Every structure is written in structure tokens, then in C-alpha cells.
Amino acid sequence: MNSPAPSAFTRDIPFSDDDFRSIADLAHARFGLSLAESKKPLVYSRLARRLKSRQVQSFADYLALLNRAEEEDERLELISALTTNVTSFFRENHHFDILQRGLAQELGEKVRAGGRLRIWSAGCSSGQEPYSIAMTLLKTIPDAHARDVRILATDIDPKIVAKARAGVYSAEEASGVPAPLRKEWMATNDPSGKTYAITETLKPLVTFNELNLMNDWPFKGPFDAIFCRNVAIYFAPETQRRLWQRMSAMLTPGGLLFIGHSERVTGPALENLEGVGITSYCKSRASAQPTLQ
Ligand SMILES: C[S@@+](CC[C@H](N)C(=O)[O-])C[C@H]1O[C@@H](n2cnc3c(N)ncnc32)[C@H](O)[C@@H]1O
């Protein structure tokens, strides 16, 4: 959630407990979000801007609008308003250390032997996470482009996926990339030096797609590693348990799952996942082959 306080125009719009519950129910049904009562003032301040922008006078009218089939864009505006896209390059760097160790050993051997390597960044926001994965990969497997190696990066928000695909970052955002990697994989084409663009040589390793994690996943996997960090934090406990189970089913035996710093894997997924570091899990090698969905 990252937007300013409501304007004078919107401050007077009545927002009843029923309005709040209806918004919360819709956000839960469509996106798996869990909005506690304590979030009511925050939800008001975020959504009041949407009402203003759509020139809607009441939350009842806004809800009616959100329920119209043709208002998919507004439903996506809703999720943008209720969640945050905050991210950074090499966020929680210890995850990239674990990935790199895996790439230096078994995963790298598999790739060099002609095997397939798939990594999924689920809830990739503006792309810093999958590009950090790609840079980590290329450190250990410099010829990854010529191998059967792909990174899938998905997010529910089409605007943020477009930004991720473009791969252009401010100097401040790019400062999170270690200098040697920035020099190799980011270019300052902009004469003012204010922006850095991911190079066209790095980009092909990553495929971006829009995907609501609550829906069916249009791919089979399996993945050698999944990054699903700081996404499930917004989901209801039962939705989280189901998500971890689906993700665990998508991992290869020995595959890695990385989650956000304030998240924990819960539920049946734990039967097949063991901790291998802070918020890092490995799928048991004894587990059955992945069963999907
Ligand atoms: C805080 S960002 C996390 C970005 C990155 N994973 C990281 O940890 O830096 C959360 C992202 O999750 C996405 N998101 C929220 N709900 C989602 C859903 N139901 N399906 C897919 N993505 C979702 C948001 O659009 C947002 O870009």
C-alpha cells in the first residue's frame, strides 16, 4: 500500500463497516487478500482516491462498479491500492547465497550435463527479484543462455509486469546491485546517468507474465527453485497454507523455496519441506514426483 492521504474531496465519503466488509470479501475472493478490521482506515484512505478518480460518490456505487464483468482494470487498481510493490535488487541476500551454492553444486552439474533448470519468481513486482536471480545464475553458469535455463517471473499487476519487462531503474534502485554485476548487466544509456537499463543480453533469461496466484497456474513446472517473497503476507492463513502446498507440489525433489522475512510455511506443505536457512526451504528428495495444482 503506497499512496498519499485522501484529499478533502474524499474525506467526507461515508465508509460503513458493511462497506469495509464487502471490500474485504471481494479482495479475499478475487485475490486471496486478508484485510483485518484494523485496516479499515488504511483501506479508506487508499480507496477514496479510486472513488475520486472514477468520479464515484459512494462505496456502494464503487462496489457495484467493481462487480461489473467489464471492470477488470478497476479490480486490478483495487489490488494495487491494497498491496505494495516494494522490492529491491538482492533483497534478503542470504537467499541468493543459498541459490548460488546450489548452482555451484548439483543444479550447475545438472545444467552442464544438458539438464533443465527452471526458477520461478512469483509476485515479482517490478523485476528486481528475477533479474537478481538471473545475475546470480550467470555468475555460476556464464553460458546459461546457451543451456536449458529459464526464469519465469509473474505478478498479478499488469502495470508492474510492464515495468519489470522494460527493466529500467533509477540510479538509487540500481545501487542495490553490486558494482561488478551492475557494470556487466546494466547500461546507463541515459546521458544524464539517472537511469540504468537491464542489458538485452540478460533479459532473455527471464520471461514475464501476468498471473493471479489464486487462479489456476498455466504451466506444469517443476521448478528447481521458487521465490515467493513478501506476497503471501497479505493472504488469509488458509490461503497461505494452500499456496505453500501448491508451491511445494511444483518443486523438484531437492528444489528450493524462498519466502519473505516475516512469512512462515504452514500446513501440509511442511511434510515435504525442510528448513535450510532463514525463510529458506528444500523439498524432500524422498517425496513423490510433483503432483500439480
Ligand atoms: C511486496 S511485493 C514483493 C516483490 C518481491 N517478491 C520481493 O520480495 O521483493 C508483492 C507483490 O505481490 C503481488 N501480488 C499480490 N497479490 C498477488 C496475487 N494474488 N497474485 C500474484 N501476485 C500478487 C503484488 O502485485 C506485488 O507486486
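With 293 residues, a compact globule would be expected to have a radius of gyration near 19 Å, and the protein chain comes to 20 Å, which agrees; the radius is taken over C-alpha atoms, and the rule is 2.2 Å times the number of residues to the power 0.38. The model is predicted, so local features need pLDDT of at least 70 and side-chain atom pairs count only at pLDDT 80 or more, while totals for chains, interfaces and linings use all residues. Residues are numbered from 1 along each chain as its sequence is written, and side-chain values use heavy atoms, with hydrogens and water left out.

Let us start with the whole chain. Its secondary structure comes to 12 helices and 10 strands, taken as DSSP runs (H or I, at least four residues, for helices; E, at least two, for strands) and numbered from the N terminus. Of the 293 residues, 51% are buried, meaning under 20% relative accessible area with a 1.4 Å probe, protein chains only. Among contacts (heavy atoms within 4.5 Å) between residues at least 6 apart in sequence, 73% join residues at least 24 apart.

Now turn to helix α12, residues 237–250. Its 14 residues should span 20 Å at 1.5 Å a residue, and its end C-alpha atoms are indeed 20 Å apart; the expected span is 1.5 Å times one less than the number of residues. Its buried residues include Leu-243, Trp-244 and Met-247. Among the elements that cover the buried residues of α12 are the helix α2 (17–31) and the strands β1 (116–122) and β8 (251–259).

Next comes the ligand, which 20 residues surround, the closest being Thr-87, Arg-91, Gly-123, Asp-155 and Asn-230; a residue counts here if one of its heavy atoms lies within 4 Å. Some polar contacts (pairs of N or O atoms within 3.5 Å) can be picked out. The side chain of Thr-87 has an N or O atom 2.5 Å from a ligand oxygen, and a polar side-chain atom of Asn-230 lies 2.8 Å from an oxygen of the ligand. A backbone N or O atom of Phe-31 is 3.3 Å from a ligand nitrogen. The protein covers 99% of the 610 Å² of accessible area that the ligand has on its own, by the Shrake-Rupley method with a 1.4 Å probe.

Phe-31 also leads us to Asn-212, since Asn-212 is in contact with Arg-30, Phe-31, Ile-156 and Trp-217, leaving aside neighbours within four places in sequence. Asn-212 sits in the loop between β6 (206–210) and β7 and is buried, with a relative accessible area of 12%. Polar atoms of its side chain lie 2.8 Å from the backbone oxygen of Arg-30 and 2.9 Å from the backbone nitrogen of Met-214.

Methods
Buried means under 20% relative accessible area, exposed over 50%, partly exposed in between (1.4 Å probe, protein chains only). A polar contact is a pair of N or O atoms within 3.5 Å; within protein, one must be able to donate a hydrogen and the other to accept it, and residues adjacent in sequence count only if both atoms are side-chain atoms.
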